[in-house]
Amino acid sequence: MSGKAVLAAYATRLGDNALVLGQRMIELVAASPELEEELANANFSLDYLGQARMFYTYAGECEGAGRTEDDFAFLRPEHEFRNLLLVEQPNGHFGDSTVRAVLFESWYVLLLDALTRCAAPGIAAIAARAIKEVRYHVRHSSQWLVRLGDGTEESHARVQASLDNLWRYTGEMFVADELDTEMLDAFDGPDLSAIEVQWRQNVAAIVAKATLALPAGQWMASGGKQGRHTEHFGFLLAEMQYLQRAYPGAEW
Amino acid sequence: MVETVYKPDQILEWLSQVPDPEIPVLTITDLGIVRDIDCGAGVTVSLTPTYSGCPATEAIEASVIAALEDQGVSDVRIRRVLSPAWTTDWISEEGRRKLRVYGIAPPERRDRPVACPQCNSDNTEVISEFGSTACKASYRCLACLEPFEYFKCL
């Protein structure tokens with residue numbers, strides 16, 4: 001792949017993670033357990049959508065084929081999305097959403113930190129903007145994990161089950177594929193094995209504080225980065241893309 | 001026809017009348033989001049977003065164009081600058097004063113307590129890290145018991 005093609009594909013992947021998680025969180029709007037959480041969730045969702053827009057716009061520029069942010073979001077089929085399986089998992093109950101956020105954001109914040117130092121100025125600039133927001137997110141989701149884990153017997157048991165269920169989607173975050181390797185070699189991109197060490201340490205600390213048990217020895221699902229998604233993803237896209245599919249080119 | 005060449009100071013003065021759509025007591029120059037003004041062929045204004053998903057970004061760009069067009073500047077272009085990322089440190093002293101008068105506590109350094117914009121007491125507590133917009137948190141003053149918003153440090 002040419003340098004520009006690597007950047008376009010890599011930025012698309014980053015945009016996909018942000019968009020899909022942002023869309024999942026939008027589904028929670030007006031369904032939060034309390035008003036403050038409602039505001040937090042809506043704000044975070046907006047941050048993710050904003051990040052997705054920046055990554056897609058940049059990907060379109062690198063690609064040079066005239067695709068806009070909307071083309072990336074609304075006109076690609078399932079198999080062209082390269083987001084992690086973790087972010088497309090359904091919201092479930094609040095404990096499920098919290099665990100999904102903790103596991104992803106703990107990784108994303110480390111990835112963005114590495115990207116601020118990469119040799120692709122366009123991506124580094126977006127990462128520097130986004131990390132300020134994601135630091136806030138991870139602090140927030142971690143506080144909830146502690147509150148639920150170290151809460152009642154009921155909340156503890158339920159959030160432990162969420163952790164056990166979602167853990168299988170964390171494996172692919174650290175498996176470098178061809179694109180990750182090209183990004184690392186050509187643009188001094190993130191070293192996923194170094195991120196894994198740090199992530200394990202950080203997540204173990206939050207999980208311990210939440211009096212929960214860290215899952216171990218699980219089979220790991222993968223395929224998101226190659227466009228092979230879980231059964232939930234098509235429904236998310238069907239809802240999100242409906243308007244542009246039904247009324248092509250419709251504008252706000 | 002002779003094209004008018006504008007001076008950046010003049011443009012800046014016009015831009016200092018453009019309010020932020022979410023906190024209209026502040027102008028975009030108080031916020032520190034006007035990063036550069038280039039008066040070559042036409043006028044190019046460089047703006048930086050406060051938050052990635054700030055819904056005001058497009059509205060601000062449109063109002064910058066409208067404000068300059070009102071002054072007769074016809075060829076206005078907007079450039080979005082991401083780096084370095086915006087920080088609340090760029091809010092001007094005047095902006096901080098206006099926020100306080102408006103009832104919003106301006107951003108403080110992390111080691112400083114948040115003072116109540118009503119009675120100035122440092123005896124305050126956070127109610128929620130999130131408020132009506134992404135950039136604000138909800139606080140309560142334990143001295144005068146008034147709730148207030150705090151512009152978060154970013």
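In what order do the elements of chain B run from the N terminus on? To answer this, colour chain B of this predicted model by secondary structure and follow the chain: the elements run α-α-β-β-α-β-α-β-β-β-β. The total for chain B is 4 helices and 7 strands.

**The whole of chain B**

Keep chain B selected and display the C-alpha atoms alone. Along the principal axes, these atoms fill a box of roughly 65 × 25 × 25 Å. Chain B has 154 residues, of which 35% count as buried. A contact map is a useful companion at this stage. Where residues at least 6 apart in sequence are in contact within chain B, 50% of those contacts join residues at least 24 apart.

**The two domains**

Next, select residues 8-86 of chain B, which the domain assignment gives as domain 1, and then residues 102-151, given as domain 2. Taken over C-alpha atoms, the centres of domain 1 and domain 2 of chain B are separated by 28 Å.

How many residues of domain 1 of chain B are in contact with domain 2 of chain B? There are 5, and they meet 4 residues of domain 2. On the domain 1 side, the residues that touch domain 2 divide into 3 nonpolar, 1 polar and 1 charged.

**Strands 5, 6 and 7**

Now move to residues 124-128 of chain B, which form strand 5, and add strand 6, residues 136-141. Strands 5 and 6 of chain B pair in the antiparallel sense over 4 bridges. To inspect one of the bridge partners, label Ser128(B) and look across to Ser138(B) in strand 6.

Extend the selection to strand 7 of chain B, residues 147-151. Strand 7 runs antiparallel to strand 6, and 5 bridges join the two. Label Ala137(B) here: Tyr150(B) in strand 7 stands opposite.

Which residue in the turn between strand 6 and strand 7 of chain B has a positive phi? Select Leu145(B), whose phi is about 65°. The hairpin formed by strands 6 and 7 has 5 residues between the two strands.

**The side that touches chain A**

Finally, bring chain A into view and select the residues of chain B in contact with it. The selection should hold 14 residues of chain B, in contact with 18 residues of chain A. Coloured by class, the chain B side shows 8 nonpolar, 5 polar and 1 charged residues.

Terms used:
Residues numbered from 1 in each chain as written. Chains lettered and ligands numbered in written order. Predicted model: local features only at pLDDT ≥ 70, side-chain atom pairs only at ≥ 80, totals over all residues. Domains from an automatic or database assignment. Contact = placed C-beta atoms within 7 Å. Nonpolar A, V, L, I, M, F, W, Y, C, P; charged D, E, K, R; others polar. Buried ≥ 20, exposed ≤ 12 C-beta atoms within 10 Å, placed from the backbone. Pairing = 2+ DSSP bridges.
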